[in-house]
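Open the model in your viewer and keep the sequence panel beside it. We will go from one selection to the next, with a few words on what to look for at each stop.

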Amino acid sequence: DIASLNALSFNVRGLKNRSEEVVLLISSFKSDIVLLLETSNIKISSYESKFPDFKLYYQKSKNKQGGV
């Protein structure tokens with residue numbers, strides 16, 4: 001039921017150094033949808049094992065400041 005979905009949006013400011021913190025945050029909120037912003041450039045396959053309950057999508061930044 002879409003009315004009962006829980007979403008979490010988090011400005012990570014660099015997933016490489018904060019992935020364990022993000023895993024704890026996600027597990028504590030029991031979210032169905034998680035949006036991680038400002039992850040910096042990452043190799044998405046490196047994070048599939050850390051987030052096994054989610055389908056991962058990644059959009060690489062399009063400008064030198066890291067924005068889309």
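Buried here means under 20% relative accessible area, exposed means over 50%, and partly exposed is in between. Keep in mind that this is a predicted model.

**Stop one: strand E1**

Start by selecting E1, residues 7-11, and show its side chains. Which residues point to one face and are buried, and which point to the other? Leu-8 and Phe-10 share a face and are buried, while Ala-7, Ser-9 and Asn-11 point to the other face and are not buried.

Now add strand E2, residues 33-37. E1 and E2 run parallel and are joined by five bridges. To find one of the pairings, click on Phe-10: its bridge partner in E2 is Leu-36.

**Stop two: the nonpolar core**

Next, select Leu-8, Phe-10, Val-12, Leu-15, Val-22, Ile-26, Ile-42, Tyr-47 and Phe-51, and show them as spheres; these nine residues form the largest nonpolar core. Two elements give two or more residues to this core, namely strand E1 and helix H1, residues 15-29. Helix H1 gives the most, with three residues. As general background, nonpolar side chains tend to be buried together in soluble globular proteins.

Centre the view on Val-22. What does Val-22 touch, once residues up to four places away in sequence are set aside? The list is Phe-10, Val-12, Leu-15, Leu-36 and Phe-51.

**Stop three: along helix H1**

Stay on H1 and pick Ser-19, which is found in this helix. Ser-19 counts as buried because its relative accessibility is 7%, which is under the 20% cut-off. Leaving aside neighbours within four places in sequence, Ser-19 is in contact with Tyr-47 and Lys-50.

Two salt bridges are counted in the model, and both can be visited from here. Select Arg-18 and Glu-21 for one of them: their side chains meet at 2.8 Å, N to O. The two residues are about one helical turn apart, because they are three residues apart in H1. Both are partly exposed, Glu-21 at 41% relative accessibility and Arg-18 with a relative accessible area of 24%.

For the other, select Lys-50 and Glu-20, whose side chains meet in a salt bridge at 2.7 Å, N to O. This pair links distant parts of the chain, with Lys-50 in the segment after E2 and Glu-20 in H1, 30 residues apart. Lys-50 is partly exposed, at 30% relative accessibility. In general, side chains of opposite charge can pair when their charged atoms come close.

**Stop four: the segment after E2**

Move to Ser-40, which lies in the segment after E2. Is Ser-40 buried, partly exposed or exposed? At 39% relative accessibility, Ser-40 counts as partly exposed. Beyond its neighbours within four places in sequence, Ser-40 is in contact with Gly-14, Leu-15 and Tyr-58. Try a distance label from Ser-40 to Ser-61 as well: their C-alpha atoms are 8.0 Å apart in space, with the two positions 21 residues apart in sequence numbering.

**Stop five: a surface patch**

Finally, switch on the surface and select Ile-2, Leu-5, Ile-33, Leu-35 and Leu-37. Together these residues make a nonpolar surface patch of about 480 Å². Ile-2 is found in the segment before E1, and it counts as exposed because its relative accessibility is 73%.

Conventions:
Residues numbered from 1 in each chain as written. Predicted model: local features only at pLDDT ≥ 70, side-chain atom pairs only at ≥ 80, totals over all residues. Heavy atoms only, no water. Core = buried A, V, L, I, M, F, W, Y, C linked by side-chain atoms within 4.5 Å. Buried < 20%, exposed > 50% of the residue type's maximum accessible area, 1.4 Å probe, protein only. Helix = DSSP H or I, 4+ residues; strand = E, 2+ residues; numbered from the N terminus. Contact = heavy atoms within 4.5 Å. Patch = residues over 30% accessible without salt bridge, like charges linked within 9 Å, V, L, I, M, F, W, Y side chains within 5 Å. Areas by Shrake-Rupley, 256 points an atom, 1.4 Å probe, with all protein chains shown as cover. Salt bridge = Lys/Arg side-chain N within 4 Å of Asp/Glu carboxyl O. Pairing = 2+ DSSP bridges.
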